[in-house]
Amino acid sequence: MNHRKFLVSKQSAVGGLFANVAKKVTLLVMVGLILWGVVAVMLPSQPVSAGYYEEQIAKLQNEINNYNKRAKELAERADSLANAIALLQNQQDALQAEIDLNKTKIDELNSEIALNEAKLAEQSAVLGDTLVDMHLDKRITPLEILASSKNLSDYVDKQAQQATVKEQINVSIQKINELKKKLEEEKIAVERMLEDQESRYSQLASMRQEQQSLLDQTQGQEAVYKQLTEKNQKEIERLRAEQVRINQTSTGGGTIVAGDPNHGGYPAYLNNARKDSLVDPWGMYNRECVSYVAWKVYQNYGNMPHWGGIGNANQWLGNAARFGIPYGQTPKAGSVAAFNGGRWGHVAWVESVNNDGTINLSEYNWGGDGRYHERRGVSAAAVDGFIYFGEWKR
């Protein structure tokens, strides 16, 4: 249970003052060290050290930070790949539109070529018929043509007409052939363009598939890191729950009640601020157990020393000894109950003593939640010592 953070470096507590009341707690702890999905079981043969949970949680949190950093990098890479894929897709779509247009154009050219081939066949047939007619006409002697003509002018017109028709048909055939050749050349050019476009489209498709494969791999790795993060977070929750359970055991248990709605008079500016975001007048962070108890001492006796930097809860008994503040093992209302267990220890204000020897406490941050509550029926035997600020003669 991490109770304390301070502005200056912490000093070690005076040891050995209360060796006669030291307690040993034997724990069986299973710690899931989730890395690559493997859970390692640790069975300590000695009592778990004061900072065990904080160290394990810090280690897991550090892994989570690294996982999140890697997942973020992979997410950024995935975004980059997705953008590249979208760009390639746009290029493919644009190229496909050009391909479709060229295919349509080829179809149109084929239709035009076929139409011109039909016209060419028609004109060739007409020319053939004209030549046949002219051949038949040649078998008639000029004298016979002249005889059948109305006059000499009519005879000349017939001869000229045959020559003109033949020339016109030849010109038409030539034009059709030229147009057909032009259409076929244009078709070849369009087919080459289409072949190049289809080749480029294939390359774009290959690049897009490669990028998609990289994206799938990247997202797969990102998912793995997210799973590892979730596993570590679950393990942190388990450790914190175990930590709370140990804290409950090592701080005398009892029944939790909401208690005073005014939170024992703890100043609103300290209570309403985010935990550990402010420093109180005695050098301790807000909404911690030591800050609340320091306020209660000041509120009741006005003689709370400035213990910033040496104010961990498990340092209070040693501080009391150095300052000459009375302390002992007898529970008294208005005294401070000090628990030395855990990395930081815990302190609480003794509201009253019950007939059965148990005590009623008010406190902050019991279990690390940064909140106020009260406990009833706490075992006085679990307390490492009581500090009697009300009896201190400065």
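**Exercise 1. A residue in a loop**

Is Arg287 buried or exposed, judged by its relative accessible area?

*Solution.* Begin with the kind of model: this is a predicted model, in which local features need pLDDT of at least 70 and side-chain atom pairs count only at pLDDT 80 or more, while totals for chains, interfaces and linings use all residues. Residues are numbered from 1 along each chain as its sequence is written, and side-chain values use heavy atoms, with hydrogens and water left out.

Next comes the scale, on which buried means under 20% relative accessible area, exposed means over 50%, and partly exposed lies in between, with a 1.4 Å probe and protein chains only. Arg287 has a relative accessible area of 18% and is therefore buried. Arg287 is found in the loop between H4 and helix H5 (289–301), where helices (H or I, at least four residues) and strands (E, at least two) are DSSP runs numbered from the N terminus. Although Arg287 is not a glycine, its phi is positive, at about 65°.

A second residue can be treated in the same steps. His263 has a phi near 55°, a positive value in a residue other than glycine, and its place is in the loop between strand S1 (255–257) and helix H4 (268–271). His263 has 24% relative accessibility and so counts as partly exposed.

**Exercise 2. The chain as a whole**

Describe the secondary structure of the chain and the share of its residues that is buried.

*Solution.* The chain comes to six helices and seven strands, and from the N terminus on these elements run α-α-α-β-α-α-α-β-β-β-β-β-β. Of the 394 residues in the chain, 39% are buried.

**Exercise 3. The nonpolar cores**

Find the residues with the most contacts inside the largest nonpolar core, and the elements that contribute to this core.

*Solution.* A nonpolar core is a set of buried Ala, Val, Leu, Ile, Met, Phe, Trp, Tyr and Cys residues joined through side-chain atoms within 4.5 Å. The largest one has 28 residues, and Met304, Trp316, Val336, Val347, Ile387 and Phe389 have the most contacts inside it. Two or more residues of this core come from each of H5, helix H6 (316–323), strand S3 (336–339) and strand S4 (346–353), and H5 gives the most, with seven residues.

Now follow Trp316, taking contact to mean heavy atoms within 4.5 Å. When residues up to four places away in sequence are not counted, the residues that Trp316 touches include Met284, Val290, Met304, Val336, Val347, Ile387 and Phe389. There is also a second, separate core of twelve residues, which includes Phe339, Val350, Leu361 and Phe386.

**Exercise 4. Aromatic pairs**

Classify the pair of Tyr292 and Tyr372, and then the pair of Tyr301 and Trp349.

*Solution.* Rings of Phe, Tyr and Trp (its six-membered ring) pair if their centres lie within 6.5 Å, and planes under 30 degrees apart count as stacked, over 60 as edge-to-face and the rest as tilted. A search of the whole structure finds 13 aromatic pairs.

For Tyr292 and Tyr372 the ring centres are 5.7 Å apart and the planes stand at 65°, so this pair is edge-to-face. Because Tyr292 lies in helix H5 and Tyr372 in strand S6 (residues 372–378), the pair ties together parts that are 80 residues apart in sequence. Tyr292 is buried, with a relative accessible area of 0%, and Tyr372, at 9%, counts as buried too.

For Tyr301 and Trp349 the centres are 6.1 Å apart and the planes at 45°, so the pair is tilted. Tyr301 lies in helix H5 and Trp349 in strand S4, so parts 48 residues apart in sequence are tied together. Tyr301 is partly exposed at 32%, whereas Trp349 is buried at 3%.

**Exercise 5. Salt bridges in helix H3**

Work out how the partners of two salt bridges are placed along helix H3.

*Solution.* A salt bridge is a side-chain nitrogen of Lys or Arg within 4 Å of a carboxyl oxygen of Asp or Glu, and the structure holds ten of them. Lys226 forms one with Glu222, their closest N and O atoms being 3.2 Å apart; because these residues are four residues apart in helix H3, about one helical turn separates them. Lys226 is partly exposed at 44% relative accessibility, whereas Glu222 is buried at 12%.

Arg238 and Glu235 meet in a salt bridge with an N to O distance of 2.9 Å, and, being three residues apart in helix H3, they are separated by about one helical turn. Arg238 counts as partly exposed at 31% relative accessibility, and Glu235 counts as buried at 7%.
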